[in-house]
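Visitor: I should like a close look at one part of this model, the pairing of charged side chains. Please begin with a single residue and then connect it with its surroundings.

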Amino acid sequence: MKSSLKLLIQVGDQKFEIKLDSNPTSQSLLDQAPFSVEFEDFAGLEKIFYPPKKLSKENAPSGAKPSKGDIMYYAPWGDVALFYKDAGYASGLIPMGKIEDIDGLVKALSKSEKATIIKI
């Protein structure tokens with residue numbers, strides 16, 4: 001299910017748009033915005049953050065295979081992952097959408113891990 005749900009990740013004065021899929025998981029993230037987070041690098045594949053509250057797993061698949069630019073919720077840990085490299089299938093991953101400029105975001109996060117998630 002594709003939709004025009006959108007979020008911005010603001011790192012310093014740079015903004016990066018995320019196009020979210022229309023699903024309960026994405027909607028539950030959108031409903032929490034705006035909020036500030038701290039990103040961490042995980043496994044040299046993804047930048048992760050923990051939203052203020054756990055996201056919905058309603059109608060979610062049992063897992064997914066992420067590609068570069070995908071944003072996914074890792075339900076077992078409760079973190080949102082932005083993949084900057086392709087990765088293998090993992091159970092517990094829920095697709096949420098796509099970020100076009102993942103390379104720009106990774107570069108911005110190398111200067112500051114702090115970011116604000118904004119609904120647009």
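**A charged pair and its surroundings**

Guide: E38 is partly exposed, with a relative accessible area of 48%. Here buried means under 20% relative accessible area, exposed means over 50%, and partly exposed lies in between (1.4 Å probe, protein chains only). The model is predicted, so local features need pLDDT of at least 70 and side-chain atom pairs count only at pLDDT 80 or more, while totals for chains, interfaces and linings use all residues. Residues are numbered from 1 along each chain as its sequence is written, and side-chain values use heavy atoms, with hydrogens and water left out.

The side chain of E38 forms a salt bridge with that of K114, at 2.8 Å from N to O. A salt bridge is a side-chain nitrogen of Lys or Arg within 4 Å of a carboxyl oxygen of Asp or Glu. E38 belongs to strand β3 (residues 35–38) and K114 to strand β11 (residues 114–119), so the pair joins parts that are 76 residues apart in sequence. Strands (E, at least two residues) and helices (H or I, at least four) are DSSP runs, numbered from the N terminus. K114 itself counts as exposed, at 52% relative accessibility. Side chains of opposite charge can pair when their charged atoms come close.

The whole structure holds six salt bridges. In one of them, K6 pairs with E17, the closest N and O atoms being 3.7 Å apart. K6 is in strand β1 (residues 5–11) and E17 in strand β2 (residues 14–20), eleven residues apart. Both residues are partly exposed, K6 at 27% and E17 at 34%. D103 and K68 also meet in a salt bridge, at 3.0 Å from N to O. D103 lies in helix α2 (residues 102–111) and K68 in the loop between β6 (63–64) and β7 (70–74), so this pair links parts 35 residues apart in sequence. In addition, D41, K47 and E113 form a network of salt bridges.

D79, in strand β8 (residues 79–83), offers a contrast: D79 is buried yet has no salt bridge, and the nearest side chain of opposite charge, K54, is 8.2 Å away. For this purpose Lys and Arg count as positive and Asp and Glu as negative, while His and the chain ends are not counted. Beyond its neighbours within four places in sequence, D79 is in contact (heavy atoms within 4.5 Å) with residues including F49, Y50 and Y73.

F49 leads back to the starting point. Not counting residues up to four places away in sequence, F49 touches E38 and D79, among others. F49 is also one of the four residues that touch the most other members of the largest nonpolar core, which has 30 residues. Such a core is a set of buried Ala, Val, Leu, Ile, Met, Phe, Trp, Tyr and Cys residues joined through side-chain atoms within 4.5 Å.

As for the setting, the chain has two helices and eleven strands. Its radius of gyration is 13 Å, close to the 14 Å that the globule rule gives for 120 residues, so the chain is as compact as a globular protein of that length. The radius is taken over C-alpha atoms, and the rule is 2.2 Å times the number of residues to the power 0.38. Of the 120 residues, 47% count as buried.
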